[in-house]
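Look over the sequence and the fold together. The report below takes them part by part.

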Amino acid sequence: MDAVRTPPASGYQIYSPFLLRYIYDQLILGGNSRFFWGCPPAKLLRHFEKHVTGNHLDIGVGTGYFLDKARNVPQTARICLMDLNPNTLAHCEKRLARYAPQTLQHDALAPLGEDIAPFSSISLNYVLHCMPGTLLEKKGAIAHHTRHLKPKGVFFGATILNEGVSVPFYSKPMLHMALRNGAMNNARDSRADLEAILEETFDRWEIEISGMVALFAGWRAD
């Protein structure tokens, strides 16, 4: 595994083996995403299945839920898992062993080396809202890796916004707690800033809003 620089403290540090094994899929995806953020895991999975290919880079891998559940990833797929947290990489490498995935311990805000073969699809699910800084300060997590897409390749993902979307009253206490304990860093993340990043980076792009969640995709033309 290739290690790069260590960024400022961010939400990635909370992912312990215990949380990954017993809590994340059930509580964060199955509970919080559905009830507080307004985007059930089934919708996130449909978005993933719509765009994933058999030559895929997953950035900020979580538990590997989407790659594990997606029904259209071929057994012969080339899968690369990238995360800064060794716990998530170890968990996902075991869960996705059937694909013999490559793992990269790497800061998503830093460029990858030039020696990595390009991908047909790259995903960034529920990562941006965990990173420190404004959304525009986090745009490298998208922009740096677009150059590793093949022509007509797709970069897609989802992130929880806090501006430019409707924040239900019952979601505000959960959001405040997540911001306070550092699990999330999206106090100023807005739909307008996400659109600006996609417009600047891709030839074609789209956003779908589900509750507080922006599901996005961008394509290279050539």
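Contact here means heavy atoms within 4.5 Å.

## A residue in the first strand

The model is predicted. Start with H56, which sits in strand β1. Is H56 buried or exposed? H56 is buried, because its relative accessible area is 0% and buried means under 20%.

Which residues touch H56, neighbours within four places in sequence left aside? They are F48, L67, R78, I79, C80, F119, S121, I122, S123 and F156. With S123 there is also a polar contact: the two side chains meet at 2.9 Å.

## Confidence

The mean pLDDT of the protein is 90. A value of 70 or more is reached by 91% of the residues.

Residues 1–12 are a weak stretch in terms of confidence, with pLDDT under 50 throughout. For this stretch the model has 32 contacts beyond four places in sequence.

## The sheet

How many strands form the sheet, and in what order? There are 7, arranged β3-β2-β1-β4-β5-β7-β6. The sheet is open and its pairing is mixed. Its edge strands are β3 (102–105) and β6 (204–210), each of which pairs on one side only. On average, neighbouring strands are turned by 15 degrees against each other, direction ignored.

## Pairing around β1 and β2

Strand β1 covers residues 55–59, and β2 covers residues 78–83. The two run parallel and are joined by 5 bridges. On the β4 side, β1 pairs in the parallel sense over 4 bridges. L57 has a bridge partner in each of these neighbours: C80 in β2 and I122 in β4.

β2 also pairs with β3, again in the parallel sense, over 4 bridges. Here L81 stands opposite T103 of β3. Helix α4 (residues 86–95) joins β2 and β3 in a β-α-β unit, and this unit is right-handed.

## Strand β4 and its partner β5

Why is β4 described as largely enclosed? Of its 7 residues, 6 are buried, so the rest of the structure largely encloses β4. β4 pairs with β5 in the parallel sense over 6 bridges. One opposite pair is S121 and V154, the latter in β5. Together, β4, α5 and β5 make a right-handed β-α-β unit.

## Helices across the sheet

Helix α2 (residues 41–51) lies across β1, β4, β5, β6 and β7 (213–219). Its direction is at about 0 degrees to β7.

Helix α7 (residues 191–201) lies across β5, β6 and β7. Against β6, α7 runs at about 160 degrees.

## Two positive phi angles

Most residues other than glycine have a negative phi. Two residues here have a positive one. Y126 has a phi near 55 degrees, and K152 has a phi near 70 degrees.

Where do they lie? Y126 is in the loop between β4 (119–125) and α5 (140–146). K152 is in strand β5, which covers residues 149–160. Their surroundings contrast. Y126 counts as buried because its relative accessibility is 8%, under the 20% limit. K152 is exposed because its relative accessible area is 66%, over the 50% limit.

## The loop before β6

D203 lies in the loop between α7 and β6. Is D203 buried or exposed? With 58% relative accessibility, D203 counts as exposed, because exposed means over 50%.

What does D203 touch, its neighbours within four places in sequence left aside? W219, R220 and A221 are in contact with D203. The D203 side chain reaches the backbone nitrogen of A221 at 2.7 Å.

How far is D203 from N87? In sequence they are 116 residues apart. In space the distance is 35 Å, C-alpha to C-alpha.

Key. Residues numbered from 1 in each chain as written. Predicted model: local features only at pLDDT ≥ 70, side-chain atom pairs only at ≥ 80, totals over all residues. Heavy atoms only, no water. Buried < 20%, exposed > 50% of the residue type's maximum accessible area, 1.4 Å probe, protein only. Pairing = 2+ DSSP bridges. Axes fitted to C-alpha atoms, helices over the stretch in contact; angles between N-to-C directions. Right-handed = clockwise from strand over helix to strand, strands pointing away. pLDDT = per-residue confidence, 0-100. Polar contact = N/O pair within 3.5 Å; in protein donor to acceptor, adjacent residues only side chain to side chain.
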